[in-house]
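Visitor: I am new to this structure and would like a close look at a single part of it. Could you choose a place to begin and then lead me outward from there, step by step?

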Amino acid sequence: MSGRSGEKLLRGTGETAKQAMDLLPQLVAWRRQIHAYPELSFREFETARLVSEVLARIPGMTVETEVGVTGVVGRLGNGDGPTVALRADMDALPIQEVTDRSYRSQNPGVMHACGHDAHIAILLGVARILGEMFEGGRCPGNIKFIFQPAEEYTGADGKSGAVHMVEAGVLEDVDMALALHMAPEWPVGTIQIHDGYSMASVDTFHGTIYGTGGHGAYPHRGTDPTFLMVPVLQALHGIVSRRVSPLQPAAVSVGQIHAGTASNVIPSEVFLQGTIRSYHPQIREQLIEEVERAFTLARQLGGEIHFQVDRGEPVLYNEPQVNQRILETVRTIYPDFHVVKEPFGMAGEDFSYMTDKVAGAMFFLGCALPDGVSRELHTPIFDVDERCLPVGAAIMAETAIRYLKNG
């Protein structure tokens, strides 16, 4: 996208789009500052400080810090009328950035490779836009700006940031929740939206197969757990293709196998770990049952097993009526945008804990740079076309405004 036609497409129509475009230099500055100093899950101390300082300068805004460990919540409104929650995640990933950008990560081994820096900047822009509207008495109701820690990883208690925020009560009295995500597979001027189940549940299985071990020269004198593992692996890789309907998205993948310490020693145990993904709660339960059943094959050959599943994010459910409000906004202020109506893939998103509690939706925002280089999420070269920042701010702000005014 280039030239005057591209500029016109991104400028949009209406007051909210204009306010967002006027904020572009500030949005870029926020995003680059956050990108240069990324912080891992539950360690977002400086990021939270920046967020709280920006929010505190907005007239009428009340700010609460250290919510759900390192989260920040800003509030506009007097409590009367409906309440909309707008959410951004703040944590980065343990990835070494390899770009040559002037704003590249200054924290070795840590990088905003999933676009959370852009999410934060966008929501700060939304807060500025809505702050002006509330100050001028042009917007009823209430807004909660939720800056959430730890979307990428869980703490020692197995809980991600969204769980901590929900338990802290941030969704109390909330009528609708919105979030967005960067989409590097689409150019600026594209949004991706999907009704119903749209991102996978994420569960991790851990299985240990026990034998007796023994001398590598005398395998017949013991029970070899690496031998017992073979039918288990075959069964695991056959679950999706032979036990689940081909009409249902599902995945079972083995990510780790550990066994042995020497070439002439048969190990006494083999450890396997992997991920279970699905798009429907019923399929989720079926997959967990089938994975455990696969491990029991080792018992039939003379071994023993230990098996457990750590349950992660539930399936992300996008409420169709909330999506409709987002679409109405896009068609009004960005009428020439390309709208992709497809599921978001088999990755997980802990915003699903929030849409499990209140009506809500997440949309994906095109952010690919126009140079043709693929910069996928969670890669050391990830980056965004910063022209997406005012677009995301305008869509979120306008959708919230329309909901508060029209119910």
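**From one residue to the sheet and the salt bridges**

Guide: Q324 is partly exposed, because its relative accessibility is 35%, and this residue is found in helix α10, which covers residues 320-333. Please keep in mind that the model is predicted. Although Q324 and I193 are 131 residues apart in sequence, their C-alpha atoms are 9.6 Å apart in space.

From this starting point we can turn to the open sheet, in which four strands follow one another in the order β10-β12-β8-β13 with antiparallel pairing. The edges are formed by β10, residues 250-259, and by β13, residues 304-311, each of which pairs on one side only. From one strand to the next, the twist averages 15°. Within this sheet, β10 and strand β12, residues 269-278, are joined in the antiparallel sense over nine bridges, and H258 stands opposite F271 in β12. As background to such strands, side chains in a regular strand alternate between the two faces of the sheet.

Two helices belong to this picture as well. Helix α7, residues 225-243, lies across β8 (201-210), β10 and β12, and runs at about 165° to β10. Helix α8, residues 281-295, packs on the sheet and touches β8, β10, β12 and β13, while its direction makes about 160° with that of β13.

Helix α8 and strand β13 are also linked through their side chains, since E285 and R311 meet in a salt bridge with a distance of 2.9 Å from N to O. E285 sits in helix α8 and R311 in strand β13, and the two residues are 26 residues apart. E285 counts as partly exposed because its relative accessibility is 40%, and R311 is likewise partly exposed because its relative accessible area is 46%.

That salt bridge leads to a wider group, for the structure holds 23 salt bridges. In general, side chains of opposite charge can pair when their charged atoms come close. A pair with buried partners is formed by R87 and D350, whose closest N and O atoms are 2.8 Å apart. This pair links distant parts of the chain, with R87 in strand β3 (residues 83-89), D350 in the loop between β15 (338-340) and α11 (352-355), and their positions 263 residues apart in the sequence. R87 counts as buried because its relative accessible area is 3%, and D350 counts as buried because its relative accessibility is 0%.

Another salt bridge joins D383 to R31, with the closest N and O atoms 2.9 Å apart. Here again distant parts of the chain are linked, as D383 lies in the loop between β16 (360-368) and α12 (388-406), R31 lies in helix α3 (residues 24-36), and the two are 352 residues apart. Both D383 and R31 are buried. These two residues also belong to a network, in which salt bridges that share partners join R31, R32, R101, D117, D383 and E386.

The loop that carries D383 lies between β16 and α12, and helix α12 in turn packs with helix α2, residues 15-22, at an angle of about 145° and with the axes 8 Å apart. The crossing of α2 and α12 is right-handed. On the side of α2 the contact is made by T16, A17, A20 and M21, and on the side of α12 by P390, A393, A394, A397, E398 and I401. Sorted by character, the residues of this contact divide into eight nonpolar, one polar and one charged.

To finish the walk, we can look at strand β2, residues 71-76, which is mostly covered, with five of its six residues buried. Strand β1, residues 62-67, runs antiparallel to β2 and is joined to β2 by four bridges, and the bridge partner of T62 in β2 is R75. In the hairpin of β1 and β2, three residues lie between the strands, and G68 takes a positive phi near 55°. Strand β2 also pairs with strand β4, residues 142-148, in the antiparallel sense over five bridges, and G74 stands opposite F145 in β4.

How values were computed
Residues are numbered from 1 along each chain as its sequence is written. This is a predicted model: local features need pLDDT of at least 70, side-chain atom pairs count only at pLDDT 80 or more; totals for chains, interfaces and linings use all residues. Side-chain values use heavy atoms; hydrogens and water are left out. Two strands pair if DSSP finds at least two bridges between them. Axes are lines fitted to C-alpha atoms, for helices over the stretch in contact, and angles run from 0 to 180 degrees between N-to-C directions. Contact means heavy atoms within 4.5 Å. A salt bridge is a side-chain nitrogen of Lys or Arg within 4 Å of a carboxyl oxygen of Asp or Glu. Buried means under 20% relative accessible area, exposed over 50%, partly exposed in between (1.4 Å probe, protein chains only). A crossing is left-handed if the near helix is turned anticlockwise from the far one by less than a right angle, and right-handed if clockwise. Ala, Val, Leu, Ile, Met, Phe, Trp, Tyr, Cys and Pro count as nonpolar, Asp, Glu, Lys and Arg as charged, and the others, Gly among them, as polar.
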